[in-house]
Amino acid sequence: LLETINLSPEELFTIYRGKTGMLIEASVLFGGIIGRAPDLELLQAYGRHLGLAFQLQDDLDDLEEDQHAGKLTLSTFYGKEKVAQWLQQ
């Protein structure tokens, strides 16, 4: 099943940003708005990266279960080593 799906890393990252990643990004940004932070763009970028890191770590934590279920994640598609490498960047 996974071999027949042709998605680029950017397409999968886009899907991830639309999941929990956006909730984390919004939380950080809204905190900055309420707190009148001077650089909202910087906070938004931080929230975006934190959200993506959360999703990548979640993929690594659930890798065996996702493989067994045939679930498409970055870890099941690209492997544990590649996702761990992205997480370290």
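Student: Which helix gives the largest share of the nonpolar patch?

Tutor: This is a predicted model, in which local features need pLDDT of at least 70, side-chain atom pairs count only at pLDDT 80 or more, and totals for chains, interfaces and linings use all residues. Residues are numbered from 1 along each chain as its sequence is written, and side-chain values use heavy atoms, without hydrogens and water. The patch joins nonpolar side chains within 5 Å, from residues with over 30% relative accessible area and no salt bridge. Its largest share, 3 residues, comes from residues 9–34 (a DSSP run of H or I, at least four residues), that is, helix α1.

Student: Is isoleucine 33 buried, partly exposed or exposed?

Tutor: Isoleucine 33 lies in helix α1 and helps make the patch with Phe30, Ile34 and Leu40. Buried means under 20% relative accessible area, and exposed over 50% (1.4 Å probe, protein chains only). Its relative accessibility is 44%, so isoleucine 33 counts as partly exposed.

Student: At which residue does α1 bend?

Tutor: The bend is the angle between axes fitted to the seven residues ending at a residue and the seven starting there. In α1 this angle is about 60°, at a residue that is one of the buried ones: glycine 21.

Student: Which side chain meets arginine 48 in a salt bridge?

Tutor: The whole structure has 1 salt bridge (Lys or Arg side-chain nitrogen within 4 Å of an Asp or Glu carboxyl oxygen). Arginine 48 is partly exposed, at 32% relative accessibility, while its partner is buried, at 13%. The N to O distance is 3.9 Å, and the partner is glutamate 25.

Key. Patch = residues over 30% accessible without salt bridge, like charges linked within 9 Å, V, L, I, M, F, W, Y side chains within 5 Å. Areas by Shrake-Rupley, 256 points an atom, 1.4 Å probe, with all protein chains shown as cover. Helix = DSSP H or I, 4+ residues; strand = E, 2+ residues; numbered from the N terminus.
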